[in-house]
Each structure stands twice: as structure tokens, then as C-alpha cells.
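User: Could you take a close look at one part of this model for me, and go through it step by step? I'm new to this, so please explain the terms as you go.

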2 protein chains.
Amino acid sequence: MDNIDKRILEILQTDCLKTAKEMASELSLTTTPIYERIKKLEKAGYIKQYVALLDADLLGKSIVVFLNLTVKDHHVSKRTEFIQQMESLESITEFYHISGSYDFLAKARFSSIKEYRDFLVNDVASISNVSDIESQIVLEELKYSTKVII
Amino acid sequence: MDNIDKRILEILQTDCLKTAKEMASELSLTTTPIYERIKKLEKAGYIKQYVALLDADLLGKSIVVFLNLTVKDHHVSKRTEFIQQMESLESITEFYHISGSYDFLAKARFSSIKEYRDFLVNDVASISNVSDIESQIVLEELKYSTKVII
DNA sequence: ATTCGCTTATCAATATTATCCATTTTTAGT
DNA sequence: ACTAAAAATGGATAATATTGATAAGCGAAT
């Protein structure tokens, strides 16, 4: 993991369809070392996935909500069950165990307030271990990046 | 935006390096329509970016923190200045204006608690308009997906 | 029912790119 | 300076993306 590897990862985090040729000229190398370094970085697990990022607004999924949750029962089996139930909800895109006043933080995306309401009433309410929910509705997304600064 | 387009977007959100040939066989088409549909989806803005997702832990960036912030002055100029200052901090990967007890929510990533402390003391403390901060440190990432359900 | 115009598919040709290999160069340790 | 290991070069080829010409399907208007 030298400086060249880092620069390759930086480029891939911005545009993973950039050709080896283009990267080679940016980094003053030929295509082969670029190619081999990328393969090595993939095998070593530094690169987890290559994905397309979509415009959620254009797709009608413009409601984003952060849910702060506390649970009643912290025992292992109840906790595991709770986590599995939350993870299985496909509206939830991110889910974290956190420190602070709440136990868990979830990010979810909906196409309307009604859909969000239905999610609360039907999906979350059916999970028994939840003791408290506080929702933070996103009014504006000011920055969103998947980049890891290396 | 018909069903085929949706399936293409679903595939690209999971693996954007999948070849047109593979997608064509999955969707019972030939490569050309796949290729043209993808170009059309790109031009229409549905696809914002193609990126590599990295393993932050492997790269030594394993501390993730959510920061809940309130600001003192909500007037336009002060607010704009605050937003610009926050966005410019490269530790902050996500930044939202939210409803609820706090005004803003930020996600940040650090390589150590010390780096997080320095961020609080040096970077955030130098932003004058901040009245209150509550940090939620991520103890475990249970789910992370960039997918938009279509 | 028929024709026109539009959309979308297929097929085939070619331009690019990824991928691999043999050889050379560079690097780091002795 | 010498050696062994690592990394880069340049070129060959296999695969894929990209383009263009053409044909099929379909709804609207006649």
C-alpha cells in the first residue's frame, strides 16, 4: 500500500470506470502496473464493491429519515432478533449500533410521507423490542460522499 | 423508465462492472439495447456516479461518528457560512439539514479517537455559529448500502 | 384494415480496452 | 557493487464497448 496504490484508490472512489490507460497517464505509468495493482487491491479486500450511485430524487425516493431507537431488552437473543428484523427491512439502507442516549441509528428512504408513516405503523411497530423512537427527517442533503480519505 | 430500465439500475447498483453481455443474458436481450439504455439513463441523470466502495477498517479508518449540531444564528448569511465551513471539512462525509431537536446531522470518519478529538477541538470549535454538539459514536456498523429501492 | 412515424430490437463491423506474458528496469538489503 | 525480489515496460491477443445499418413491433390517424 504505497502512494501509487492510494492514488489509484482515490481515483476509483471518484470514477471506477476510468480506464487503465487514463489512470496510467495521470500517474505516469503504463497500463499493466495499474491493472495489476488494482487486481491486488481487490484481492486484498481494499475494494469491496463497484457500484452505480443513483439520483434518489429523480427516482421519486426523496424522503430520507434518520431513526434513533432504544430497545427494552438488551439480552443477546432479543438483541440479535431485533437486529435481524431491522436489517431485513429494505427501506433501511444503513443501520448502526451507537453510543449515547439512543442504542441504534437507522437511515431509511421513502417515496412519500405516507410510505414513511406506513413503515412506522406496520414495519417498525411490529418489532416488539423497541421502546423509543425519535425520527429526524432530512430537510436537505448538503453533502453525500462514499469516499474514505486515505 | 420501464421494467427493463429498473432491472438494469438494480444490477448496476450491485455491480457496475457487469458486462453488457452478462446483463443481456440475464434480461433476455442483446448487448446493444442494454448499452443504449444505460447511456440513456446516464444522460437523463438517473446514474450520478460509478464508484468503488472501499473497506474503511482495512484502511485504518474505523472510527465513525454522527454529530448532531444546533446553530446559534439562523439568518441566511450566517447559516450559509456555517454550511460552507462544515462541507469543507473532509472528515465529514455526509451532512444534512434535519428536523427535530437538532438542526444538522453530520457523519464523519476518523482513524483514531485522538483524530476525532483533534477534529472537535480544532476544526469544529473554530466554527463560531455552533451552539451545541452531541456525538454518537458508531460501535458497530450493522448494515450499509448505497442502493435506492426502485 | 392500412399506412405513417416512433421506439426499440437485432446483427455485424470496428474501435477500445482489458488481460497476459516475456523481458527489462528499478529497488532494497548485504 | 552485487544479488534477489519487486515492479515496470512494451507488445500480443482476447474480450468488450461502441457504432451504424436494418428490421420488427406498436399506437395513432386516416
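Analyst: **The surface around the DNA**

Let's start with Y35(A): an N or O atom in its side chain sits 2.9 Å from a phosphate oxygen of DNA strand C. That's a polar contact, meaning a pair of N or O atoms within 3.5 Å. Keep in mind that this is a predicted model, where local features need pLDDT of at least 70, side-chain atom pairs count only at pLDDT 80 or more, and totals for chains, interfaces and linings use all residues. Residues are numbered from 1 along each chain as its sequence is written, chains are lettered from A and ligands numbered from 1 in the order in which they are written, and side-chain values use heavy atoms, leaving out hydrogens and water.

Chain B joins in too. The side chain of K40(B) has an N or O atom 3.2 Å from a phosphate oxygen of DNA strand C. T32(B) goes for a base instead: one of its polar side-chain atoms is 2.8 Å from a base nitrogen of the strand.

Now zoom out to the residues near DNA strand C (a heavy atom within 4 Å of it). They include K21(A), T32(A) and K39(A) from chain A, plus T30(B), P33(B) and R37(B) from chain B. By class, that surface has four nonpolar, four polar and four charged residues. On the DNA side, 79% of the strand's atoms within 4 Å of the protein belong to sugar or phosphate, and the rest to bases.

Which helix gives the most to this surface? That's α3(B), with four residues. Helices α2 and α3 of chain A also supply at least two residues each.

How values were computed: A polar contact is a pair of N or O atoms within 3.5 Å; within protein, one must be able to donate a hydrogen and the other to accept it, and residues adjacent in sequence count only if both atoms are side-chain atoms. Ala, Val, Leu, Ile, Met, Phe, Trp, Tyr, Cys and Pro count as nonpolar, Asp, Glu, Lys and Arg as charged, and the others, Gly among them, as polar.
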